[in-house]
Each structure stands twice: as C-alpha cells, then as structure tokens.
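Hi everyone, thanks for coming. I'd like to walk you through one model today, so let's put it on the screen.

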Amino acid sequence: MARRYDPARRQRIIDAAIGIVGRRGIAALSHRTVAAAADVPLGSTTYHFATLDDLLVAALRQVNGEWLAGFARWVDSIDPAVPLADEVTRLIEETLSGDRSRVELEYELYLAALRHAAVRPIAAECLDEMVRLLGRRTGDVPTARAVVALADGLMLQHLLTGLPFERAAVRAGLGGVLGRADGAATPGPPGR
C-alpha cells in the first residue's frame, strides 16, 4: 500500500495538542491522545515530534504567534494622548472579556515552562517580544518590562480567582504604579 501524502498532518497534530491542553490541561497531553484527536496514526506524532516537549514547543510557538499578533495590534492602537494606565486597563479588559478559555490555554502553555525546560526559551521569547513592542510606546525597556509583568500578573490573578474584572480598581492600581499621565511619578505626601 502506498503512503498517503498529507502535508497538513503536522499542523493537525499541533492543533490537536492545543485542543487537548485547552480542554483537559497539560497532564492529558500524550502522543496517544494527540494521535486520536488529530485522527492520525500514533507513529505520525512521534515522527513529527520525537518528544512531548517538542510538541509543547510547537504548540506554544503557535499560540504565542497568535497572542503577539493581537498584542502588536493593541500597541499600534495606543493613543499617545491617553495615559498608559488607561491603555493597559483596556488591554486587560479586552483580553479577559474575550474567550477566557483561550486565555487560560495561553497561560497553561506559558506556565508549562516551569516544568519543561525546552519550553522556557519560547516563553521568554514571547515576553521579550512583548517588551520590544511596548518599548516602542514607552520609550524605555524597563518600563515596558514592568508593564508587561504587571498586565500578565493582573490577568493571571483574574483567571485564577474568577473574580469579575473591575475596571476602576484595575485602573486605579495601574495609575498608582505607572504614575500620572505625563509619565512622571505620582507625588507622595508632603515631607515632615
């Protein structure tokens, strides 16, 4: 019997892995579950991805690419006349008001880097690219890195707690950390 040419097989395997992680978590990921979900022979998954870490890397690269495209659109839409705290609040609100299962999937793959050393560079690349993109707006890398970390932490906390997004509270917190609209630090209480 001749081998069937299937140029989309590798992509179907990646998509199946992403679907499994999204529905059942990283713990459910195996070559067998991916092969079944992708409707391919088990040997196809190991042919394209020798280890599960190889598959996780491919899945995270794809998910990161989609996230970064949206993040770049957000950076491009930032209004320089609007305080950065307002714009970051908008990003968080839009992200959390969208498909939460997609955001949970992104974080599940991102946090896989804690246990899978092969995935760490992919997660770090994504963070570095976010900082680079945002740095175009903030004008400096340390501020961009702090904003990315802060937004990341706020989104993760909302996902973990299940609390509703409270725009005013998030905006007030961001304003306190980021300072006034002109970028200067918010003055503290007068000295004694």
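**A cavity and its neighbours**

Let me start with the walls of the largest cavity: the lining residues divide into 9 nonpolar, 2 polar and 2 charged. Please keep in mind that this is a predicted model.

How many cavities of 30 Å³ or more does a search of the whole structure find? The search finds 1. About 160 Å³ of space lies in the largest cavity. Its lining has 13 residues, and those nearest the centre are Trp 67, Glu 106, Tyr 107, Tyr 110 and Asp 152.

Which helices supply at least two lining residues each? They are α4 (52-77), α6 (100-111), α7 (120-138) and α8 (141-161). Helix α6 gives the most, with 4 residues.

Now to the rings. Across the whole structure there are 3 aromatic pairs. One of them joins Phe 71 and Trp 74, a tilted pair with 5.3 Å centre to centre and 50° between the planes. These two sit 3 residues apart in helix α4, so about one helical turn separates them. Phe 71 is buried, at 3% relative accessible area, and Trp 74 is buried too, at 4%.

Tyr 107 and Tyr 110 make an edge-to-face pair, 5.8 Å centre to centre with 70° between the planes. Here again the spacing is 3 residues, this time in helix α6, which means about one helical turn. Tyr 107 has 7% relative accessibility and counts as buried. Going back to α4 for a moment, Trp 67 joins Phe 71 and Trp 74 in one aromatic cluster, and Trp 67 is also among the residues nearest the cavity centre.

Next, the charges. The search of the whole structure finds 10 salt bridges. In one of them, the side chains of Asp 86 and Arg 171 meet at 2.2 Å, N to O. Because Asp 86 lies in helix α5 (residues 84-97) and Arg 171 in helix α9 (residues 167-178), this pair ties together parts that are 85 residues apart in sequence. Are these two buried or partly exposed? Asp 86 is partly exposed at 25%, and Arg 171 is partly exposed at 24%.

Within α5, Arg 90 meets Glu 87 in a salt bridge at 2.6 Å, N to O. Arg 90 also bridges to Glu 94, with the closest N and O atoms 3.6 Å apart. Glu 87 is buried at 4%, whereas Glu 94 is partly exposed at 45%. Finally, salt bridges with shared partners join Glu 66, Arg 102 and Glu 106 into one network, and Glu 106 takes us back to the cavity, as one of the residues nearest its centre.

Technical notes. Residues numbered from 1 in each chain as written. Predicted model: local features only at pLDDT ≥ 70, side-chain atom pairs only at ≥ 80, totals over all residues. Heavy atoms only, no water. 1 Å grid on protein atoms, 1.4 Å probe; cavity = no way out; pocket = protein on both sides within 12 Å on 5 of 7 lines; lining within 4 Å. Points joined across faces, edges and corners; volume = space filled by probe spheres on them. Nonpolar A, V, L, I, M, F, W, Y, C, P; charged D, E, K, R; others polar. Phe/Tyr/Trp six-rings, centres within 6.5 Å; stacked < 30°, edge-to-face > 60°. Buried < 20%, exposed > 50% of the residue type's maximum accessible area, 1.4 Å probe, protein only. Salt bridge = Lys/Arg side-chain N within 4 Å of Asp/Glu carboxyl O.
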